[in-house]
Number of protein chains: 4
Amino acid sequence: MIRFECDYLEGAHPFILKRLEETNFEQTAGYGEDPYCAAAREKIKELCGGADVEVHFLVGGTQTNFTVISAALRPHQGVLAASTGHINVHETGAVEATGHKVLALPSEDGKIRADQVRKAYEAHWNDKDHEHMVQPGMVYISQPTENGTLYSKEELQALHDVCEELSLPLFLDGARLGYGLMSEAGTMTLRDIAELTDAFYIGGTKVGALFGEAVVIGNPLLRKDFRYFIKQHGGMLAKGRLLGIQFDTLFTEGLYFEISKRADELAMRLRRAFVKKGYELRYDSCTNQQFPILPDDHIEKLKEKYSFAFWEAVDDGHSAVRFCTSWATKEEAVDGLIRDIEAL
Amino acid sequence: MIRFECDYLEGAHPFILKRLEETNFEQTAGYGEDPYCAAAREKIKELCGGADVEVHFLVGGTQTNFTVISAALRPHQGVLAASTGHINVHETGAVEATGHKVLALPSEDGKIRADQVRKAYEAHWNDKDHEHMVQPGMVYISQPTENGTLYSKEELQALHDVCEELSLPLFLDGARLGYGLMSEAGTMTLRDIAELTDAFYIGGTKVGALFGEAVVIGNPLLRKDFRYFIKQHGGMLAKGRLLGIQFDTLFTEGLYFEISKRADELAMRLRRAFVKKGYELRYDSCTNQQFPILPDDHIEKLKEKYSFAFWEAVDDGHSAVRFCTSWATKEEAVDGLIRDIEAL
Amino acid sequence: MIRFECDYLEGAHPFILKRLEETNFEQTAGYGEDPYCAAAREKIKELCGGADVEVHFLVGGTQTNFTVISAALRPHQGVLAASTGHINVHETGAVEATGHKVLALPSEDGKIRADQVRKAYEAHWNDKDHEHMVQPGMVYISQPTENGTLYSKEELQALHDVCEELSLPLFLDGARLGYGLMSEAGTMTLRDIAELTDAFYIGGTKVGALFGEAVVIGNPLLRKDFRYFIKQHGGMLAKGRLLGIQFDTLFTEGLYFEISKRADELAMRLRRAFVKKGYELRYDSCTNQQFPILPDDHIEKLKEKYSFAFWEAVDDGHSAVRFCTSWATKEEAVDGLIRDIEAL
Amino acid sequence: MIRFECDYLEGAHPFILKRLEETNFEQTAGYGEDPYCAAAREKIKELCGGADVEVHFLVGGTQTNFTVISAALRPHQGVLAASTGHINVHETGAVEATGHKVLALPSEDGKIRADQVRKAYEAHWNDKDHEHMVQPGMVYISQPTENGTLYSKEELQALHDVCEELSLPLFLDGARLGYGLMSEAGTMTLRDIAELTDAFYIGGTKVGALFGEAVVIGNPLLRKDFRYFIKQHGGMLAKGRLLGIQFDTLFTEGLYFEISKRADELAMRLRRAFVKKGYELRYDSCTNQQFPILPDDHIEKLKEKYSFAFWEAVDDGHSAVRFCTSWATKEEAVDGLIRDIEAL
């Protein structure tokens with residue numbers, strides 16, 4: 001079985017394993033206060049334009065999301081997010097478990113727009129009973145979204161502007177950030193992301209690392225005592241250097257960007273093969289996730305050889321499915337799949 | 001200004017004030033362990049058919065909702081409710097503050113249907129990633145709903161049956177229960193409500209009391225240690241007898257039912273006046289809340305003399321508004337309002 | 001049975017019932033936005049020296065404690081309190097239920113001292129692993145304490161000074177505040193309390209009201225959005241005017257102070273009777289709670305006619321018990337009890 | 001600088017790195033549903049006597065503690081623990097952040113006794129106001145304790161018996177379990193631990209793994225839906241196989257036990273060197289943590305060459321410090337340290 005169902009099927013980029021081995025018997029301080037974390041932090045800061053940011057390393061995405069969000073909100077506040085957002089559907093209510101409502105905004109493509117944020121904000125404050133309602137306190141977006149789509153620089157700028165105007169911190173979930181940055185449709189650098197958000201994270205788990213997410217916090221209000229929150233929520237790895245070593249490796253000689261780009265290119269090859277075959281796409285994704293709509297019998301046929309994710313039934317006889325590439329996807333696997341698509 | 005904007009504008013039924021005065025210098029044990037609470041409990045149990053139920057008294061509706069819901073759910077579970085449900089929109093995220101997501105189901109009229117519950121349940125359990133999602137753990141409904149509408153006995157029976165089948169406790173918010181029971185469209189008794197739900201409450205605040213809600217718990221699993229939850233959530237009144245005295249009075253010689261009936265009748269007179277005038281109704285309510293859709297200039301005209309609640313803009317030039325009657329509404333106020341409606 | 005076991009045995013001062021009756025059919029806005037709340041707020045502000053404070057009304061003490069504390073703390077912070085503090089022992093973990101640890105400091109008499117606060121603060125910040133520990137974020141004290149003892153003005157000033165220096169808001173639980181203010185050992189006015197704390201509350205439940213606590217918030221940081229917190233925690237009474245009417249009455253012509261003084265005087269008569277009889281006192285209380293240590297057979301004897309609270313076994317054959325007076329205690333009941341003490 | 005300050009200074013046992021490398025490009029399902037996790041689970045179950053247990057893998061100790069504890073408790077319950085317990089002092093209030101009080105029991109050596117549990121339980125239930133107090137709902141212990149001490153089999157049996165009698169689940173934190181099992185003072189096997197507790201975990205982070213804790217749940221009540229809790233609390237590693245591979249390696253040919261034994265032996269050599277030199281020990285530890293009490297000038301001298309942890313000041317001029325060995329400690333480091341101790 002050749003697997004395309006997600007982007008965390010393999011271990012880590014070999015350079016990372018090599019560094020782990022080389023450093024294995026070194027003795028370092030725990031909890032992220034080692035030289036490897038320091039070096040990785042510096043590299044990330046530089047890529048963010050030397051901006052005045054703070055960088056922390058956590059283990060996983062769900063953990064990162066609820067740690068950042070609960071650090072930013074007061075108890076009566078909630079977080080605005082697309083109804084399709086990971087925090088709204090796929091984290092077992094982790095944000096609510098910290099006491100906060102996810103204020104879901106409708107979304108067809110995984111994105112939310114600046115005017116949706118403004119309307120939700122105004123709807124709250126213009127309601128004379130607003131004290132009986134959850135106050136919007138933060139905005140959460142994903143780049144790329146859970147549907148593979150991307151915010152353009154203009155769209156992110158607009159979100160940034162409305163958030164700044166309304167004093168709503170903007171938090172960007174970058175679990176797959178590399179695939180967004182390096183997409184042929186991508187229009188932003190890490191520096192842009194850093195400048196246009198209050199906090200974001202650079203996903204490692206899905207982009208070459210064994211695990212790990214690097215949180216970059218620009219807004220000074222969100223930084224205060226952040227390490228307490230990491231610890232309280234179980235995200236402070238005893239051997240924190242494991243995170244430092246991984247991110248240091250990923251940001252040495254552009255590895256993170258290079259492997260992301262390759263995965264995107266393989267995904268676009270798949271996309272073109274689906275389109276050429278006449279299939280429609282559920283979402284217009286130029287990143288590592290592709291969502292073709294296939295006849296159900298073709299799905300059955302492909303399942304004999306490949307694993308991929310069922311997404312949703314589209315009509316009687318057709319379903320959207322998801323194929324993912326990653327830093328680890330083998331070119332020959334994509335070649336073979338394209339041949340099999342053509343042969344359907 | 002003659003007020004119709006809500007059903008908690010005045011104090012309490014005079015019989016209640018009288019009983020408070022008569023008993024004022026008696027010394028009783030605190031925290032609901034006094035003879036008045038005991039007497040009120042017995043009366044309520046009897047009205048519930050002598051069923052094997054437990055009765056507790058709390059101070060307010062929001063408090064009652066989050067106390068019952070958080071007592072029933074495990075941390076990874078959420079509560080299914082209409083998107084319009086009070087817990088979803090007007091309690092400042094009180095349920096989320098106890099760690100639980102409100103799983104909102106679409107609703108046009110404030111009600112949810114048995115098949116919506118079943119579909120939500122099946123959608124959860126049929127999703128192979130269900131452990132990444134909030135597990136449905138309870139169903140919350142309101143009777144009457146926030147829109148004044150009523151579940152019929154058949155509808156409640158259907159909800160009961162699906163909840164029982166799927167092991168989802170069914171909780172009914174009866175903040176305005178009296179107005180539902182005594183509506184000309186009402187088809188159920190307190191006993192029916194007790195038999196068809198796992199827990200519900202009998203609203204006092206909006207139906208004759210100064211304050212207070214009587215929670216009736218049928219499901220033994222929800223009863224265990226319930227007084228701890230009341231205390232932890234600030235609902236255990238030191239002078240608990242104040243609640244006992246009020247409910248004992250309300251359930252002496254049918255006072256609760258009598259005052260509810262009168263309020264419903266006044267509301268139906270208003271409804272008929274609006275309909276006769278040619279206005280449409282936003283919701284088909286036969287209870288104490290009426291939601292006519294009026295031309296905006298008529299609204300302005302009425303506002304000179306009456307207070308009532310803006311509900312929502314319907315189209316350019318028309319808005320839905322809410323008029324409430326209550327146990328305390330004066331007949332002459334309704335007479336006058338009807339004359340003014342006719343004169344619009 | 002003549003009851004002395006607590007200070008919430010009866011209803012309310014007759015003036016309050018009278019005002020409730022007089023205003024019963026007036027129509028007012030809900031949720032504390034009525035003229036009675038406004039009037040009560042003004043009276044309280046004036047008594048606090050016209051200080052720049054915000055006044056809110058909640059229903060009960062536990063509710064008030066966790067609402068204020070959770071509004072003040074960030075998620076990684078805890079509240080310093082005497083180990084005997086109400087929040088640490090008698091609120092079913094309500095503070096923890098909002099996510100915060102009570103950082104208990106040892107106390108023999110119910111009080112904590114400024115240097116204990118400083119030491120706890122320094123112990124935290126001097127520990128190199130402080131990010132692994134709960135950060136002290138607030139100080140909670142009771143006046144009078146749960147043991148009837150009182151902070152002197154000097155002691156409160158010292159607490160205030162250390163709290164200000166260390167940026168720890170100081171919160172004073174005044175469930176029995178009247179009995180503290182009017183004690184023969186009392187040295188402070190409401191204005192002193194307002195000036196020396198960041199927030200405190202004036203207890204109504206135990207001092208003449210049916211129920212209700214008036215929170216006075218001086219620190220602007222604690223005020224922001226406070227009504228959301230009240231609502232979220234179930235403390236926002238629909239008929240909020242009930243609280244306004246009660247506090248307005250209590251602060252009309254000094255009623256609150258007058259009835260507190262009388263209760264204290266009755267308690268001191270009891271104290272003197274116990275001392276005269278040769279009994280020791282468990283705590284040196286000059287307020288409405290008295291804690292004599294009695295031979296167990298004398299306790300049994302008194303129990304035939306009086307109810308009072310067991311406090312703790314002191315040695316083989318002796319126990320401390322608690323007798324409370326209140327605004328409602330009858331003089332003849334105290335006379336009789338003193339005769340019976342003398343006759344033991 | 002030669003480091004002895006903790007037991008998570010290095011990476012992982014080389015066998016683990018080797019397995020990670022060998023399996024790196026295999027494609028497996030995520031979230032712990034891969035063959036490596038399955039294999040590791042089987043090995044652990046077998047070592048637990050083939051008992052009817054469930055095994056889950058989490059990332060870190062704090063995370064494991066609050067996940068298990070919050071899964072076991074209802075909202076009004078707390079967890080009994082030694083005042084020195086990790087959950088009470090070094091997890092930034094993580095248990096409280098899930099809403100539960102840690103009910104601290106005094107402890108001199110890090111252990112609690114069966115009769116302390118019984119007394120705390122009885123104190124709760126015998127108090128007539130028990131509904132106003134946090135109900136004991138679980139017992140937490142550490143083996144070895146944070147002080148390096150060990151429960152004997154008899155002590156654990158006694159705790160098990162009282163917990164069973166009182167229906168309090170017994171949870172054992174085994175962050176350093178290997179060092180306890182293989183101590184020369186150890187008297188139990190994994191099977192004993194499994195039989196005498198309701199849930200426990202086998203620490204990987206401090207015993208040879210990069211990270212990871214294996215939770216073993218015997219009590220069926222604690223198992224229900226446990227994976228939801230892992231996910232909600234951020235403990236469900238996307239590449240779950242990393243945990244499976246590590247524990248599978250550790251439990252292949254007894255590696256876990258072998259490396260634990262070696263670390264204990266090195267620690268005992270240190271202990272004997274301190275004792276021989278005439279130093280007292282703060283705790284009687286036969287595990288990998290040693291707590292000698294040294295003159296402060298000797299501490300300064302040793303600090304020139306070694307890092308170790310300050311524990312507490314003992315008297316004017318002496319302090320207790322902590323030296324840890326681990327699976328990775330080099331024999332020559334211990335040899336050198338012993339020579340330097342002798343030379344003090």
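**Figure 1. Salt bridges in a predicted model.** Let us begin with a count: over all chains, the structure holds 100 salt bridges. Please keep in mind that this is a predicted model. One salt bridge to look for joins the side chains of A:Glu33 and A:Arg227, with 3.4 Å from N to O. A:Glu33 sits in the loop between helix 1 (14–22) and helix 2 (35–47) of chain A, while A:Arg227 belongs to helix 11 of chain A, so this pair ties together parts that are 194 residues apart in sequence.

**Figure 2. Where chain A meets chain C.** How many residues does the contact take from chain A and from chain C? There are 23 residues from chain A and 23 residues from chain C. The size of an interface is often given as the accessible area lost when the parts come together. Here, chain A and chain C bury about 2,000 Å² between them, and 50% of that area is on carbon and sulfur atoms.

**Figure 3. Salt bridges and polar contacts between chain A and chain C.** Across this interface you can find 2 salt bridges. In a salt bridge between the chains, the side chain of A:Glu131 meets that of C:Arg227 at 2.7 Å, N to O. Polar contacts link the two chains as well: 18 residue pairs across the interface, with both residues at pLDDT 80 or more.

**Figure 4. The side of chain A that touches chain C.** Helix 3 (61–72), helix 6 (114–126) and helix 11 (226–232) of chain A each supply at least two residues of this side. Which helix gives the most? Helix 11 of chain A does, with 5 residues. Sorted by kind, the residues of chain A on this side are 9 nonpolar, 7 polar and 7 charged.

**Figure 5. Laying chain A on chain C.** Imagine giving chain A a turn of 180 degrees, with a shift of 0.0 Å along the axis: it can then be laid on chain C with an RMSD of 0.0 Å. That is the relation of a two-fold axis. Of the residues of chain A, A:Arg74 comes closest to the rotation axis, its C-alpha being at 3.8 Å. Of the interface residues of chain A, 100% are also interface residues in chain C, so the copies meet through the same surface.

**Figure 6. Helix 13 of chain B and what follows.** Helix 13 of chain B covers residues 255–276, and at 1.5 Å a residue its 22 residues should span 32 Å. The end C-alpha atoms are 32 Å apart, which agrees. Just after this helix, B:Gly278 takes a positive phi of about 100 degrees.

How values were computed. Residues are numbered from 1 along each chain as its sequence is written. Chains are lettered from A and ligands numbered from 1 in the order in which they are written. This is a predicted model: local features need pLDDT of at least 70, side-chain atom pairs count only at pLDDT 80 or more; totals for chains, interfaces and linings use all residues. Side-chain values use heavy atoms; hydrogens and water are left out. Contact means heavy atoms within 4.5 Å. Buried area is the accessible area (1.4 Å probe) that two parts lose on being put together, summed over both. A salt bridge is a side-chain nitrogen of Lys or Arg within 4 Å of a carboxyl oxygen of Asp or Glu. A polar contact is a pair of N or O atoms within 3.5 Å; within protein, one must be able to donate a hydrogen and the other to accept it, and residues adjacent in sequence count only if both atoms are side-chain atoms. Helices (H or I, at least four residues) and strands (E, at least two) are DSSP runs, numbered from the N terminus. Ala, Val, Leu, Ile, Met, Phe, Trp, Tyr, Cys and Pro count as nonpolar, Asp, Glu, Lys and Arg as charged, and the others, Gly among them, as polar. Copies are superposed by least squares on the C-alpha atoms of residues with pLDDT of at least 70 in both. The expected span of a helix is 1.5 Å times one less than its number of residues.
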